[in-house]
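Hi,

Here is the structure I said I would pass on. Have a look at it first, and then read my notes underneath.

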Amino acid sequence: MKSQFQSRHRKSGHAALRGIAAAIASCAAALCATPVAAQTWPAKPIQLIVPFGAGGTTDLLARIVADGLSKRLNQTVVVENKPGAGANIGAAEVARAKPDGYTLMMGTPGPLAINPYVYPQMSFDPAKDFAAVSYVADVPNVILTNPQSGLKNIEDLLKKAKAEPGLLNWGSPGVGSTGHISLELLKQLSGVDIAHVPYKGAAQATTDLIAGHITLSGDNVPTALANIRAGKVVPLGVASEKELEVLPGVKPVGDTVKGYLLNSWFVIVAPAGTPRDIVDRVSREIDAFEKEPETIEKFRALGAIPVGGSPEHLAAHLKSEQKRFGEVLKNIKAEGK
């Protein structure tokens with residue numbers, strides 16, 4: 001009788017222990033699930049979408065970032081150019097992508113702040129369909145002319161524009177591009193009348209500027225440098241607060257036109273819903289990469305200014321810029337009516 005009781009007691013005790021052990025294992029699995037998943041990323045190549053063609057500022061910076069991330073993550077980061085519709089095609093692909101950390105985009109003011117005010121229909125919402133990751137860099141713009149114009153600086157430009165209202169023309173990559181907004185800000189702040197000539201891309205505008213078919217244009221400093229150094233175009237002023245090391249002697253437009261400041265910004269975003277631990281990891285790695293002396297020198301050579309910071313910092317910046325560009329573009333539309 002005693003042995004049967006002891007046997008039943010041992011069996012019930014073993015069952016209870018097995019239950020406790022199972023419960024502990026279950027809790028441990030639940031607690032560790034997220035860190036374990038985070039540690040497995042990235043397990044395959046990451047796609048970095050550039051919603052513009054190869055060779056532009058966005059592409060140049062994306063390839064620098066891709067190289068840095070590849071080394072720091074010990075995983076391949078592939079840059080893929082998906083141009084078209086003012087960057088909407090590439091941006092829409094990223095917005096629809098699986099939010100697993102394997103699809104990122106090098107974003108610019110166009111798809112993330114400007115296009116909703118320019119295109120009557122959008123297949124994505126810049127304010128809702130992307131997760132802010134990293135504020136990579138600011139890049140000043142520069143106002144350019146062709147050597148045949150005889151213009152040397154912003155003072156010359158304003159004098160001629162006021163003497164000949166509407167006769168000067170300015171080429172841009174298209175309506176709502178930063179090249180176009182560069183002109184509209186100049187017109188609004190100085191009161192000059194300069195005709196806008198929209199093209200289907202920056203390369204076409206640059207070609208016509210060099211050929212003398214148009215008088216003026218606005219461009220990012222990195223993509224303008226080669227033509228400036230070759231003497232094919234003349235820089236009249238930079239849209240930055242201070243002179244740039246890569247363009248010594250070229251004064252800020254704001255020295256003559258008070259309040260004139262227009263940087264193009266370049267940022268990394270991911271599809272909305274991308275796990276926060278992955279977003280934070282990419283942000284940290286880009287911050288660390290941008291502090292490396294080799295990276296600083298690469299950015300300096302392009303005239304780009306590294307920024308970095310948290311995803312929250314970028315999110316606040318995007319919200320502010322969406323509002324700012326909206327106000328500028330409303331004025332442009334009003335003027336066109």
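Let me start with helix H7, residues 202–211, where Ala205, Thr206 and Leu209 are buried. These residues span an arc of only 100° around the axis, so they sit on the same side of H7. The spacing fits what one expects of a helix: with 3.6 residues a turn, residues three or four places apart point the same way. What do the buried residues of H7 pack against? Their partners are strand S4 (130–145), strand S5 (169–172), strand S7 (216–220) and helix H8 (221–229). Over on the other side of H7, Ala203 and Thr207 are exposed. Ala203 has a relative accessibility of 57%, and since the cut-off for exposed is over 50%, it counts as exposed. Ala203 also has Gly56 at 8.9 Å in space, C-alpha to C-alpha, although 147 residues separate the two in sequence. After H7 comes Gly212, with a positive phi near 85°.

Before I go on, please keep in mind that this is a predicted model.

H10 (residues 293–302) can be read in the same order. Its buried residues are Thr295, Phe299 and Leu302. Looking down the axis of H10, you will find them within an arc of 60°, so they line one face of the helix. Pro293 and Glu294 are exposed, on the face of H10 turned away from that buried side. The buried residues of H10 pack against H2, S4, H8, H9 and strand S10 (305–306). A glycine follows here too: Gly303, just after H10, has a positive phi of about 80°.

That brings me to H2, which packs with H10 at an angle of about 175°, the axes being 12 Å apart. H2 is therefore roughly antiparallel to H10. On the H2 side the contact is made by Leu60, Leu61, Ile64 and Asp67, and on the H10 side by Lys298, Phe299 and Leu302. Sorted by class, the contact of H2 with H10 has five nonpolar residues, two charged ones and no polar ones. Phe299 and Leu302 are worth a click, as they are among the buried residues of H10 and also take part in the contact with H2.

H2 (residues 57–73) packs with H9 (residues 276–290) as well, at an angle of about 110° and with 10 Å between the axes. Roughly parallel, antiparallel or perpendicular? The two are roughly perpendicular to each other, because angles of 65 to 115 degrees count as such. From H2, the contact takes in Ile64, Val65, Gly68, Leu69, Arg72 and Leu73, while H9 brings Arg281, Val282, Glu285, Ile286, Ala288 and Phe289. Eight residues of the contact of H2 with H9 are nonpolar, three are charged and one is polar. Ile64 turns up in the contact with H9 and in the one with H10.

Next, some backbone spots to check. As a reminder, most residues other than glycine have a negative phi, and most peptide bonds are trans. Here are the places I would look at:

- Pro42: the peptide bond from Trp41 to Pro42 is cis, with omega near 0°. Pro42 is in the loop between helix H1 (2–39) and strand S1 (46–50).
- Asn74: phi is positive, about 55°, although the residue is not a glycine. Asn74 belongs to the loop between H2 and strand S2 (77–81), and it is exposed, with a relative accessible area of 70%.
- Ala85: here, too, phi is positive in a residue other than glycine, with a value near 55°. The residue lies in the loop between S2 and helix H3 (88–96). With a relative accessible area of 42%, Ala85 is partly exposed.

Finally, the overall figures. The protein has 11 helices and 10 strands. How much of it is buried? Of its 337 residues, 48% count as buried. Of the contacts between residues at least 6 apart in sequence, 78% join residues at least 24 apart. The protein exposes about 16,200 Å², and 57% of that comes from carbon and sulfur atoms.

Over to you!

How values were computed. Residues numbered from 1 in each chain as written. Predicted model: local features only at pLDDT ≥ 70, side-chain atom pairs only at ≥ 80, totals over all residues. Heavy atoms only, no water. Axes fitted to C-alpha atoms, helices over the stretch in contact; angles between N-to-C directions. Helix = DSSP H or I, 4+ residues; strand = E, 2+ residues; numbered from the N terminus. Parallel < 35°, antiparallel > 145°, perpendicular 65-115°, else oblique. Contact = heavy atoms within 4.5 Å. Nonpolar A, V, L, I, M, F, W, Y, C, P; charged D, E, K, R; others polar. Buried < 20%, exposed > 50% of the residue type's maximum accessible area, 1.4 Å probe, protein only. Arc of directions from axis to C-beta. Areas by Shrake-Rupley, 256 points an atom, 1.4 Å probe, with all protein chains shown as cover.
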